[in-house]
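Good morning, and thank you for making time for this presentation. I would ask you to keep the sequence and the coordinates in view while I speak.

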Amino acid sequence: MSKKQPKTVTIFVTSRALTEGVVKLQARPIASLPNYMEGLALDSSGERGRTHWYGPGSYRLTMAEAVVRAKAMQAKRIVRMEKQLAKIQALTFEETPHEA
């Protein structure tokens, strides 16, 4: 009895969208883990290299869904960064006399 390889599908990885953009790649479902995908990593010569597993929150099946997710991530990050910026801007620095 031979094992059939699962069919590959195109996924759009969003887990690092704010640093690398949305990445399109071929993956196949992992039979023992529902909604998990194994990314088929190929090097420049087409040889199979190290693979990565992607959980349900880190990829989307269409580019439109991936863009929506990336924009939501972007908006959330902007809010966090604006809060950080406000804290930094609120800092005050005063010169203290130096006694010798």
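Let me begin with a term: a residue is called buried when its relative accessible area is under 20%, exposed when it is over 50%, and partly exposed in between. With that in hand, consider the helix H2, where Ala-66, Ala-70 and Met-73 are buried. An α-helix has 3.6 residues a turn, so residues three or four places apart point the same way. What do the buried residues of H2 pack against? They pack against S1, against helix H1, which covers residues 17-20, and against S5. As for its length, H2 has 28 residues and reaches 40 Å from its first C-alpha to its last, close to the 40 Å expected at 1.5 Å a residue.

I should state plainly that this is a predicted model. The mean pLDDT of the protein is 86, and 83% of its residues reach 70 or more. Among the elements, helix H2, residues 63-90, has the highest mean pLDDT, at 97. The lowest, at 88, belongs to strand S4, residues 52-54. Where pLDDT is low, the predicted coordinates should not be read in detail.

I turn to the overall architecture. The protein contains two helices and five strands, and from the N terminus on the elements run β-α-β-β-β-β-α. Of its 100 residues, 19% count as buried. Among contacts between residues at least 6 apart in sequence, 34% join residues at least 24 apart.

Next, the sheet. In what order do the five strands stand? They form an open sheet in the order S4-S3-S2-S1-S5, with antiparallel pairing. S4 and strand S5, residues 59-60, stand at the edges with a single partner strand each, so one side of each has no neighbour in the sheet.

The individual pairings can be taken in turn. S1 and S2 pair in the antiparallel sense over five bridges, and Val-9 stands opposite Ala-27 in S2. S1 is also joined to S5, by two bridges and again antiparallel; here the bridge partner of Phe-12 is Arg-60 in S5. S2 and S3 run antiparallel and are joined by three bridges, with Arg-28 opposite Glu-38 in S3.

That last pair deserves a further word. The side chains of Arg-28 and Glu-38 meet in a salt bridge, at 3.4 Å from N to O. The pair links distant parts of the chain, Arg-28 being in strand S2 and Glu-38 in strand S3, 10 residues apart. Are these two residues buried or exposed? Arg-28 is buried, and so is Glu-38.

How many salt bridges does a search of the whole structure find? It finds two. Besides the pair just described, Glu-20 forms a salt bridge with Arg-16, with the closest N and O atoms 3.3 Å apart. Arg-16 has a relative accessibility of 44% and counts as partly exposed, because that value lies between the limits of 20% and 50%.

Now the nonpolar core. In soluble globular proteins, nonpolar side chains tend to be buried together. The largest nonpolar core here has seven residues, namely Ile-11, Val-13, Leu-25, Ala-27, Met-37, Tyr-54 and Tyr-59. Strand S1, residues 9-13, and strand S2, residues 23-29, each supply at least two residues of this core. Ile-11 may serve as an example: leaving aside its neighbours within four places in sequence, Ile-11 is in contact with Val-23, Lys-24, Leu-25, Ala-27, Met-37, Tyr-54, Tyr-59, Arg-60 and Leu-61.

Two local features remain. Pro-29 is found in strand S2 and is partly exposed, with a relative accessible area of 37%. Pro-29 and Lys-7 are 22 residues apart in sequence and 7.8 Å apart in space, C-alpha to C-alpha.

The second feature is Asn-35, placed in the loop between S2 and strand S3, residues 37-39. Its phi is near 70°, a positive value in a residue other than glycine. Most residues other than glycine have a negative phi. Is Asn-35 buried or exposed? Asn-35 is exposed, because its relative accessible area of 54% is over 50%.

That concludes my presentation. Thank you for your attention.

Definitions and conventions:
Residues are numbered from 1 along each chain as its sequence is written. This is a predicted model: local features need pLDDT of at least 70, side-chain atom pairs count only at pLDDT 80 or more; totals for chains, interfaces and linings use all residues. Side-chain values use heavy atoms; hydrogens and water are left out. A nonpolar core is a set of buried Ala, Val, Leu, Ile, Met, Phe, Trp, Tyr and Cys residues joined through side-chain atoms within 4.5 Å. Buried means under 20% relative accessible area, exposed over 50%, partly exposed in between (1.4 Å probe, protein chains only). Helices (H or I, at least four residues) and strands (E, at least two) are DSSP runs, numbered from the N terminus. Contact means heavy atoms within 4.5 Å. pLDDT is the predictor's confidence in each residue, from 0 to 100. Two strands pair if DSSP finds at least two bridges between them. A salt bridge is a side-chain nitrogen of Lys or Arg within 4 Å of a carboxyl oxygen of Asp or Glu. The expected span of a helix is 1.5 Å times one less than its number of residues.
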